[in-house]
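Let's take a walk through this fold, strand by strand and helix by helix. Keep the structure open while you read.

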Amino acid sequence: MKVAVVGGGPGGLYAAALLKRLSPDREVTVWERNAPDDTFGFGVVLSDETLGGIEHADPAVYRALRAEFVRWDDIDIVHRGVRHTSSGHGFAALGRRRLLEILHERCRDLGVDLRFRTEAPAGLERSHDLVVAADGVHSAVREAHRDVFRPTLTPHRCRYIWLAADFPFDAFRFEIAETEHGVAQLHGYPYAPDSSTVIVEMREEVWRAAGYDALDVRESVVRCAKTFADALGGRPLRADSSTWTTFRTVVNERWSHGNVVLLGDAAHTAHFSIGSGTKLAVEDALALAACLEEQPSLHKALTAYEEERRPVVASTQRAALASLEWFENVGRYLDQPPRRFAFNLLTRSRRVTHDNLRLRDPRFTGAVEEEFGCPPGTPPMFTPFRLRGLTLRNRVVVSPMDMYSATDGMPDDFHLVHLGARALGGAGLVMTEMVCVSEDGRITPGCTGLYNGPQAEAWRRVTDFVHTRAPGTAIGVQLGHSGRKGSTRLMWEGMDEPLPDGNWPLVAASPLPYRPEGQTPRELTPAELAEIREEFTAAAWRAARAGFDLLELHCAHGYLLSGFLSPLTNRRTDGYGGPLAHRLRFPLEVFDAVRGVWPDDRPMTVRISATDWAEGGTSGADAVEIARAFAAHGADAIDVSTGQVVPEERPEYGRSYQTPFADRIRHETGVPVIAVGAISSWDDVNSLILAGRTDLCALARPHLYDPHWTLHAAAEQGYDGPGVLWPAPYRAGSRRPVTGRTDAPKPRLTLGT
């Protein structure tokens, strides 16, 4: 087999070495357009997992690397002159130039043909059996087959530059500088006994305001050293071939085409703030070499390589994007208490969590909890939270979930058992499904309502049970109107599909069907808007008499009020359409009317879709203004969901993927928020609460899987305090028994992820 490797970075070199080592008869050639000692950046951080793979695949390379590594355990976060240190993390780094030297030497020992200062010739895929494109972010090989790989390069909002200092930091150091032009940050770590990598990063507008766009590299280096003089101890910085640049996230729809395969930055990138660019490239090389050995054909090998690596890379890229965006928006967190700021930074990618950090460094985590106000031994999720006259005993909310199990809008025994079980399960607040304000405002024939007296009495049965059998648990009602998404089948019969018969007329902000095959709604007239406003008011009055503790107005997911907020669904030309202030008009009128009949001491929240996940729809900035408007009218908290407004949406799913929108609203408006969406573990809840990204966490599917999710979360954390109450008949189960023993100890701490 003749193998061509385009690109002489760590990934390409290591792939060449492995391929040659595993099959010495292979003819392996590396083309690198730069000189052997040219490099961009100074230090490289590798994980123990990556090193383990290297040790298994090539002990000679591993031994050479191990001899060069600088190791350390601490992370320092310096903000407003105060340094906080977290220990127990474990890092290993070496110089990038030394890494390349080791790989050059290994390649030569194995007989790899290294061609420096040489552009890869065209047509390698015709003259070679395999072409490995390891030629970086701006891969020429990838661009030659752009129509097949279909790459997306997304630029981000910060400028950064790789520099070095001639002394070793004693920890991985993050330092925030608040300058007259805006916020800048330093990322620094040692890579040799006498040297450290220093990355300086700032938003594009800060970079320009500070005049860096008019400075050459030497002048920039001097300016950066002055900005971070305390971190550097007054020492200078130096540059190599680096210049200011903007990070680009690279994603490809395909990683191989015929006998051409992408590797490393040519296939994907991950922001340097989680230190994974070289790590990912080396792991790609390990996987590619293994698949070529294991599979019977080149096609199957390249397919297996992509199937193995793509999920790992996607997960890393999600974490890297979360980290990147945190640093892009670090200015919004500057006023956090110092330890919470440090905790927020450490958990920014969601890979380091509260429980993980508590295992690494209980001293630091305990100090953060104390600053937050956690009593000793109390996880953050079990601290109380007050909304107006209602104090929730913990931060867990059973999210509204449509059950589609009512007849003529009437809640029955199913709803009593469903909501009652979850109230007994320990959550601080249990929410009903969207309860419809009129018969024609239902989503399906199975939706519940509050549009007549008997329905209110039936709901009273549910609230009485919660208040008497689950004391300390609050129950809230979510009121809404389906708008253009009504008159559809039950979810399990065909979600959002129109009823085969028995349809009712739909109304909406504008006459736009939700789906082409669906019913076209009638555009509401001002008189009809007034009627619907009164329906909301009457339903709220009944909800108060039914004994609900909290009322949430549903302005999300494309239902009627959401349809007024989104520019994709509101095409009106009157005072209720056009700019955001006009689109807010009717939802705010409804809110004011409901607030007028809802008891003063009981809180009201509003659920919004913070983005439509579609071009031209509601943006994150719009969501901030929407939240600010509702708060100005008396909303006590904003329940931050996303999407479900238009069928052509393209959500960016992932772990707690909607939380960044709640985080932004909370910090830019000061309004309490409820985070929701792919939050599944108690460790996630503790992490989000303690980092200040949300005030409450709403969980839906975890409570379908386990009605006693909160009680079990308490037991697994060894917590038995006022933040959770086991019903007396269940208390014997609050400690899991050990088989064959009667003196069962408290459950051992287990990771929540």
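Before we talk about bridge partners, one ground rule: two strands count as paired if DSSP finds at least two bridges between them. Also bear in mind that this is a predicted model.

With that settled, start at strand β11, residues 172–179. Strand β11 is joined to β12 by seven bridges, and the two run antiparallel. To find the register, look for Ile176, whose bridge partner in β12 is Gln185. The turn between them is short work to trace: β11 and β12 form a hairpin, with two residues between them.

Now carry on along the chain from β12 into β13, residues 195–203. Here eight bridges do the joining, and again the strands run antiparallel. Tyr189 is a handy marker, as it stands opposite Thr197 in β13. This connection is a hairpin too, and it goes through two residues.

So how many residues of strand β12 are buried? Eleven of the eleven, taking buried to mean under 20% relative accessible area. That is why β12, residues 182–192, can be called largely enclosed by the rest of the structure.

Next, turn to an open sheet. Six strands make it up, in the order β8-β2-β1-β9-β16-β15, and the pairing is mixed. At its edges sit β8 (113–116) and β15 (256–257), each of which pairs on one side only. Further in, β1 (residues 2–6) and β9 (residues 130–133) pair in the parallel sense over four bridges. If you want a spot to zoom in on, Val3 stands opposite Leu130 in β9.

What lies across β1, β2, β8 and β9? That's helix α1, residues 10–22. Compare its direction with that of β2 (27–32), and you'll find the helix running at about 170 degrees to that strand.

Last stop: a pair of helices. Helix α2 (residues 48–57) packs with helix α11 (residues 277–294) at an angle of about 35 degrees, and their axes are 10 Å apart. The crossing of α2 and α11 is left-handed. On the α2 side, the contact is made by Thr50, Gly53, Ile54 and Ala57, while α11 brings Lys279, Val282, Glu283 and Leu286. Sort the residues of this contact by class and you get four nonpolar, two polar and two charged.

Conventions. Residues numbered from 1 in each chain as written. Predicted model: local features only at pLDDT ≥ 70, side-chain atom pairs only at ≥ 80, totals over all residues. Heavy atoms only, no water. Axes fitted to C-alpha atoms, helices over the stretch in contact; angles between N-to-C directions. Left-handed = near helix turned anticlockwise from the far one by under 90°. Contact = heavy atoms within 4.5 Å. Nonpolar A, V, L, I, M, F, W, Y, C, P; charged D, E, K, R; others polar. Buried < 20%, exposed > 50% of the residue type's maximum accessible area, 1.4 Å probe, protein only.
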